[in-house]
Amino acid sequence: MAIKTLGQFIIEKQADFPYAKGELSRLLRDIGIAAKLVNRVVNKAGLADILGQQGDINVQGEVQQKLDVYADTQFINALKMGGECCYVASEEHEEGVDLSTNVTSREAKYIVCIDPLDGSSNIDSNVSVGTIFSIYRRLYADRPIQKEEILQVGRKQVAAGYIIYGSSTMLVYTTGCGVNGFTLDPSIGEFCLSHPDMKIAAQGSIYSINEGYYSKFPQPVKQYIKYCQEIDSATNRPYTSRYIGSMVADIHRNLIKGGVFIYPQTSNHPEGKLRLMYECNPMAFIVEQAGGKATTGKIAILDIQPQLLHQRVPIVIGSSDMVEQVESFYANH
Ligand code: P6P
């Protein structure tokens, strides 16, 4: 198969949007550039003295790894220089970063919500980490950024994607016309189309959940875990448990192999742990576009009206039949 780079693919797909004038294409290009800069450092984290904790505390009260800060800086700079983004909501900043005052971004039409380096607590143990991004169009052009433009419901996303810095580095994204995966070829420094039109199987045999919190889970989740662990003579239900503790890595594996990822509300995270705007919404958009489902156990993630930038939600995401199985335990509870 001839090599098709991310840039070539974006331009080719721009034709899907007759009114597109290239802004979204350039925005996706800017994200790809930052991803390559972050990849270069993440891959060498063990060598550079960029490991270890910088000692700053981010809005989540988590100790920031230096790479978190580096990744955040790279993505914000790339978006600022690219001129297509007017506002960035990042996990690393309590308030968003308003770029619309920059001369290059004054006419920018897009808002980006981003988790620059998710799973960063895993970096020291060389576990795959990721970047997750979500893109919305501005609602107004004649006034400063309004709160309702930043807190848009997930269904309003125009694009979403993630980068997984793993055994190979991949960028997976959707603009609402399916999901495509690109693998970075370091020899030419380009993301190349490797997984066209990704689809998640309706049924899989992998369930991903941190069973260490079993005693803190709601009853329907406990029932689902037991359901997976029982051998059903009729179906000889062959489930296996896989949990990396890095959301991008867990969901990417399930996207490829089929499976369900669950981070429910627990007694110490009554709203769930994962954030709506820059973790659950983008991953839900991608998985739904690949034929899967994403829900709180009761309602679709993409239908939740956000109230706060760093709002947390419970999430059940992956193969549609498996998500529906979890929902049935919630419905019967
Ligand atoms: P726990 C990583 O810190 C993260 O934000 C996600 O990437 C991951 O899915 C989750 O937290 C893991 O949380 O409580 O299982 O360690």
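**Annotated sites and packing in the predicted model**

At 3% relative accessibility, glutamate 91 counts as buried. The model is predicted. Glutamate 91 sits in the loop that joins β3 (85-90) to β4 (97-98). UniProt, in an unreviewed entry, assigns the feature "binding site" to Glu91, Asp115 and Leu117. These positions span 27 residues in sequence, yet no two of their C-alpha atoms are more than 8.9 Å apart, so they gather at one spot.

Leucine 117 belongs to strand β5 (residues 110-118). Its relative accessible area is 1%, under the 20% limit, and leucine 117 is therefore buried. Beyond residues up to four places away in sequence, leucine 117 touches Val38, Val42, Leu67, Asp68, Ala71, Ile123, Val129, Gly130, Thr131 and Tyr165. Among these partners, Val38 and Val42 are contact residues of α2, while Leu67 and Ala71 are contact residues of α3.

The packing of these two helices was examined next. Two packed helices are described by the angle between their axes and the distance between the axes. Helix α2 covers residues 23-42 and helix α3 covers residues 66-82. Their packing angle is about 155°, and the axes lie 9 Å apart. An angle over 145 degrees counts as roughly antiparallel, and α2 and α3 are therefore roughly antiparallel to each other. Their crossing is right-handed. On the α2 side, the contact is made by Leu27, Arg29, Asp30, Ile31, Ala34, Ala35, Leu37, Val38, Val41 and Val42. Helix α3 contributes Leu67, Tyr70, Ala71, Gln74, Phe75, Ala78, Leu79 and Gly82. By class, the residues of this contact comprise 14 nonpolar, two polar and two charged. An α-helix has 3.6 residues a turn, so residues three or four places apart point the same way. Ile31, Ala34 and Val38 of α2 are among the contact residues. So are Leu67, Ala71, Gln74 and Ala78 of α3.

A further "binding site" annotation in UniProt, also from an unreviewed entry, covers Asp118, Gly119, Ser120, Ser121, Asn210, Tyr243 and Lys273. Two of its positions, Asn210 and Tyr243, were followed in detail. Asparagine 210 occupies the loop between β11 (206-208) and α5 (219-229). With a relative accessible area of 24%, asparagine 210 is partly exposed. Its contacts, apart from residues up to four places away in sequence, are Phe217 and Tyr243. Tyrosine 243 lies in the loop between β12 (240-241) and α6 (247-257). Its relative accessibility is 30%, and tyrosine 243 is likewise classed as partly exposed. Neighbours within four places aside, tyrosine 243 contacts Ser208, Ile209, Asn210, Asp250, Phe261 and Tyr263.

Helix α5 follows the loop of asparagine 210. The buried residues of α5 are Pro220, Val221, Lys222, Tyr224, Ile225, Tyr227 and Cys228. They pack against β11, β13 (260-263) and α8 (320-331). Strand β13 includes valine 260. At 0% relative accessibility, valine 260 counts as buried. Valine 260 contacts Tyr224, one of the buried residues of α5. With neighbours within four places left aside, its other contacts are Ile206, Tyr207, Ser208, Asn254, Val316, Ile317, Gly318, Met322 and Val323. Ser208 is also a contact of tyrosine 243. Threonine 131, a contact of leucine 117, lies 20 Å from valine 260, C-alpha to C-alpha. In sequence, valine 260 and threonine 131 are 129 residues apart.

Technical notes. Residues numbered from 1 in each chain as written. Predicted model: local features only at pLDDT ≥ 70, side-chain atom pairs only at ≥ 80, totals over all residues. Heavy atoms only, no water. Axes fitted to C-alpha atoms, helices over the stretch in contact; angles between N-to-C directions. Helix = DSSP H or I, 4+ residues; strand = E, 2+ residues; numbered from the N terminus. Parallel < 35°, antiparallel > 145°, perpendicular 65-115°, else oblique. Left-handed = near helix turned anticlockwise from the far one by under 90°. Contact = heavy atoms within 4.5 Å. Nonpolar A, V, L, I, M, F, W, Y, C, P; charged D, E, K, R; others polar. UniProt positions renumbered as here; feature names shortened; annotations may be inferred. Buried < 20%, exposed > 50% of the residue type's maximum accessible area, 1.4 Å probe, protein only.
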